[in-house]
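Me: Hi! I've got a structure open here and would love to talk it through with you. Can we start with the charged pairs?

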Amino acid sequence: MKKTILTLIFALVTITFCNAQKIEIEKVFGGYKYSQNENQMTMKDLVKTIASNQQAFDLIKKAQSNNTLASIIGFAGGGLIGWPIGTAIGGGDANWTLAGIGAGLVAIGIPISSSANKKAKQAVELYNSSLNSTSFYEFKPEFKVIADGNGLGISMNF
């Protein structure tokens with residue numbers, strides 16, 4: 001009897017830990033921070049994790065593409081802004097037209113980045129909602145001490 005109960009408890013604990021875990025979303029300046037089991041996730045980690053849900057995977061791939069495009073545009077814009085500033089600090093004749101073009105590129109990159117953040121958040125929410133309907137997320141057993149005419153015992157309810 002003890003072996004059967006221990007086997008059952010072991011099986012339930014194993015099933016609980018083997019199921020996919022929810023991805024946590026935290027709002028930060030300029031977007032969102034994603035974590036799973038208190039480990040921060042990059043966009044590449046999100047894509048790998050969400051691959052099992054096709055709808056969420058399509059959204060996260062679009063978000064990844066938009067994020068890459070926004071990063072490239074933002075980097076180029078930052079460089080075009082920084083070059084004339086560096087020239088001016090160094091005492092040279094700065095070309096402020098480049099800084100204006102860079103500011104325009106940064107202004108274009110901001111809505112693209114915002115779109116990427118929204119799509120990533122939607123993908124994670126879609127993925128998390130599919131987990132709640134198909135798996136056990138948390139195993140919370142209740143233990144009680146039982147006393148009857150035969151003696152003392154422990155009851156586990158889940």
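Me: Which residue forms a salt bridge with Glu-125, and how far apart are the closest N and O atoms?
Reply: The partner of Glu-125 is Lys-121, and their closest N and O atoms are 3.4 Å apart. Do keep in mind that this is a predicted model.

Me: Where do Glu-125 and Lys-121 sit relative to each other?
Reply: Both belong to helix 4 (residues 96-134). They are 4 residues apart there, so about one helical turn separates them.

Me: And are those two side chains buried, partly exposed or exposed?
Reply: Glu-125 is partly exposed, at a relative accessible area of 38%. Lys-121 is partly exposed too, with a value of 26%. The cut-off for buried is under 20%, so Lys-121 at 26% doesn't count as buried.

Me: OK, how many salt bridges does the structure hold?
Reply: There are 2 salt bridges. Besides the pair in helix 4, Lys-33 forms one with Glu-26, with 3.5 Å between the closest N and O atoms.

Me: How accessible are Lys-33 and Glu-26?
Reply: Lys-33 has a relative accessible area of 30%, which makes it partly exposed. Glu-26 is also partly exposed, at 42%.

Me: Switching topic to helix packing. How do helix 2 and helix 3 cross?
Reply: The axes of helix 2 (residues 43-50) and helix 3 (residues 54-89) come within 9 Å and cross at roughly 165°. That angle is over 145 degrees, so helix 2 runs roughly antiparallel to helix 3.

Me: Is that crossing left-handed or right-handed?
Reply: The crossing of helix 2 and helix 3 is left-handed.

Me: Nice. Which residues meet there?
Reply: On the helix 2 side you have Met-43, Leu-46, Val-47 and Ile-50. From helix 3 come Ala-56, Phe-57, Ile-60, Lys-61, Ala-63, Gln-64 and Asn-67.

Me: How many of the contact residues are nonpolar, polar or charged?
Reply: The contact of helix 2 with helix 3 divides into 8 nonpolar, 2 polar and 1 charged.

Me: One last residue, Lys-48. Where is it found, and is it buried or exposed?
Reply: Lys-48 is in helix 2. Its relative accessibility is 62%, so Lys-48 counts as exposed.

Me: And how far is Lys-48 from Ile-60?
Reply: Their C-alpha atoms are separated by 9.9 Å, and the two residues are 12 apart along the chain. Ile-60 is one of the helix 3 residues that meet helix 2.

Conventions: Residues numbered from 1 in each chain as written. Predicted model: local features only at pLDDT ≥ 70, side-chain atom pairs only at ≥ 80, totals over all residues. Heavy atoms only, no water. Axes fitted to C-alpha atoms, helices over the stretch in contact; angles between N-to-C directions. Helix = DSSP H or I, 4+ residues; strand = E, 2+ residues; numbered from the N terminus. Parallel < 35°, antiparallel > 145°, perpendicular 65-115°, else oblique. Left-handed = near helix turned anticlockwise from the far one by under 90°. Contact = heavy atoms within 4.5 Å. Nonpolar A, V, L, I, M, F, W, Y, C, P; charged D, E, K, R; others polar. Buried < 20%, exposed > 50% of the residue type's maximum accessible area, 1.4 Å probe, protein only. Salt bridge = Lys/Arg side-chain N within 4 Å of Asp/Glu carboxyl O.
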